[in-house]
Amino acid sequence: MSQKIAFVSDMHIAPDSAGALRSQSLLDLPPRRKKHLVHALDQVRQVKPEAVFLGGDNTNQAADAPGYAQELFDLLELCPRPWKIIPGNHDVGPTVGWHHHDPEAMKSAVKRYREIFGMDYWVHEAAGFQVIGINSQIFGSSLQEAEQQTQWLHEVLSVPAPPDLIRCIFFHTPPYLKDWDDQFTDGSEMMCLKQEARQPLKDILFQHPPDILITGHAHRFWIQREHRWWWVGLPATALPLSEMDAVPDHLVPSGTDQVGWVSLERDAESWKAEFHPLFTESESP
Ligand SMILES: [Fe+2]
């Protein structure tokens with residue numbers, strides 16, 4: 001019998017009174033984002049996954065307005081349990097090297113996030129997968145929490161995954177777009193970690209390569225072979241990359257630009273990732 005887990009990402013949930021998502025499609029308003037998430041969770045429930053993983057930018061701006069987190073928390077009543085969640089830049093702030101990175105603000109945002117959603121890094125085993133969720137936003141920062149997470153991650157990864165489990169490392173912001181030396185200045189740098197945050201993550205991944213790397217943030221689904229692992233990019237439920245007018249997309253790995261979610265499925269021999277669009281081509285998003 002096959003076994004599945006579900007990944008839902010970049011929901012960008014905000015109160016109805018909030019504005020659009022910064023220079024994006026005029027269609028992209030808070031009620032539409034909520035409608036998309038409700039629809040995604042309906043579809044996820046039908047699959048009966050053993051666990052649901054939420055990939056960051058879960059809120060649109062809880063980093064600055066904590067009330068956004070409550071909107072999401074209420075909606076997650078619709079999500080099959082257990083669910084596990086990691087933060088994105090809109091939840092706890094931008095990574096080191098990005099404009100507006102503020103260690104003090106991030107420290108309080110991480111504290112608030114933990115009070116509402118629990119720890120921002122964890123391990124959860126389900127359906128034949130070992131998913132290691134981490135907070136990509138604090139990598140390379142001066143936060144004490146970053147050092148603690150790195151130590152924890154080394155400890156977890158130094159124990160090989162049980163032979164019957166596929167090991168996934170799951171975090172919000174892609175480490176790079178083309179390769180580990182990426183240094184963009186055309187706006188594409190907003191789509192991946194900067195070198196300061198990327199390097200400590202690279203050190204760990206090269207020392208303890210997972211079977212699959214899973215990231216959000218780019219609002220595009222892809223699956224590609226990379227180094228010693230597979231890389232799965234998660235789609236958004238809020239809006240596809242093609243609607244994000246302010247963000248260059250030419251360097252982002254090629255894939256599917258539709259709102260949706262992803263399931264991972266095991267059988268005795270292997271695994272597969274499947275993209276689930278929220279809408280058929282004849283339906284309006
Ligand atoms: Fe993001």
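Here are some worked exercises on the predicted model shown above.

Residues are numbered from 1 along each chain as its sequence is written. Because this is a predicted model, local features need pLDDT of at least 70 and side-chain atom pairs count only at pLDDT 80 or more, while totals for chains, interfaces and linings use all residues.

**Exercise 1. Overall build**

Task: Find how many helices and strands the protein chain has, and how its radius of gyration compares with the globule rule.

Solution:
- Start with the elements: the protein chain has six helices and 11 strands. Helices (H or I, at least four residues) and strands (E, at least two) are DSSP runs, numbered from the N terminus.
- Next, take the radius of gyration over C-alpha atoms; the globule rule is 2.2 Å times the number of residues to the power 0.38. The radius is 17 Å, close to the 19 Å that the rule gives for 285 residues, so the chain is as compact as a globular protein of that length.
- Then look at the extents: the C-alpha trace spans about 45 × 45 × 40 Å along its principal axes.
- Finally, consider contacts, where two residues count if their C-beta atoms, placed from the backbone, lie within 7 Å. Of the contacts with a separation of 6 or more, 70% are between residues 24 or more positions apart.

**Exercise 2. The five-stranded sheet**

Task: Work out the strand order of the open sheet of five strands, and which strands stand at its edges.

Solution:
- Two strands pair if DSSP finds at least two bridges between them. The order that results is β3-β2-β1-β10-β11, with mixed pairing.
- β3 (83-85) and β11 (271-277) are the edges; each has a single partner strand, so one side of each is left without a neighbour in the sheet.
- For the twist, axes are lines fitted to C-alpha atoms, for helices over the stretch in contact, and angles run from 0 to 180 degrees between N-to-C directions. With direction ignored, neighbouring strands are turned by 20° against each other on average.
- Now follow β10 (residues 260-266): seven bridges pair β10 with β11 in the antiparallel sense, and a hairpin of four residues joins the two. L264 has A273 as its bridge partner in β11, and S263 has E274.
- On the other side, five bridges join β10 to β1, again antiparallel; here K4 is partnered by E265 in β10.
- Add the helix: α1 (residues 30-47) lies across β1 (3-8), β2 (52-54), β10 and β11, running at about 170° to β1.

**Exercise 3. Burial and the core**

Task: Decide whether β10 is enclosed or open, and find which residues touch the most other members of the largest nonpolar core.

Solution:
- Use this scale: a residue is buried if 20 or more other C-beta atoms lie within 10 Å of its own, exposed if 12 or fewer, and partly exposed in between, with C-beta atoms placed from the backbone. By that count, 45% of the 285 residues are buried.
- In β10, six of the seven residues are buried, so this strand is largely enclosed by the rest of the structure.
- A nonpolar core is a set of buried Ala, Val, Leu, Ile, Met, Phe, Trp, Tyr and Cys residues joined through C-beta atoms within 7 Å. The largest has 69 residues, and F7, V8, C168, F170 and I214 touch the most other members. Helix α4 (residues 103-117) gives the largest share, five residues.
- Zoom in on F170: leaving out residues up to four places away in sequence, F170 touches F53, I86, V131, I132, G133 and I214.

**Exercise 4. Unusual backbone geometry**

Task: Find where K48 and H219 lie, and whether each is buried or exposed.

Solution:
- Keep the background in mind: most residues other than glycine have a negative phi, and most peptide bonds are trans.
- K48 has a positive phi of about 55° and is found in the loop between α1 and β2. With 9 C-beta neighbours inside 10 Å, K48 counts as exposed.
- H219 has a positive phi of about 60° and lies in the loop between β7 (212-215) and β8 (222-226). H219 is buried, with 29 other C-beta atoms within 10 Å.
- One more for good measure: the peptide bond from R81 to P82 is cis, with omega near -5°, and P82 sits in the loop between α2 (67-75) and β3.
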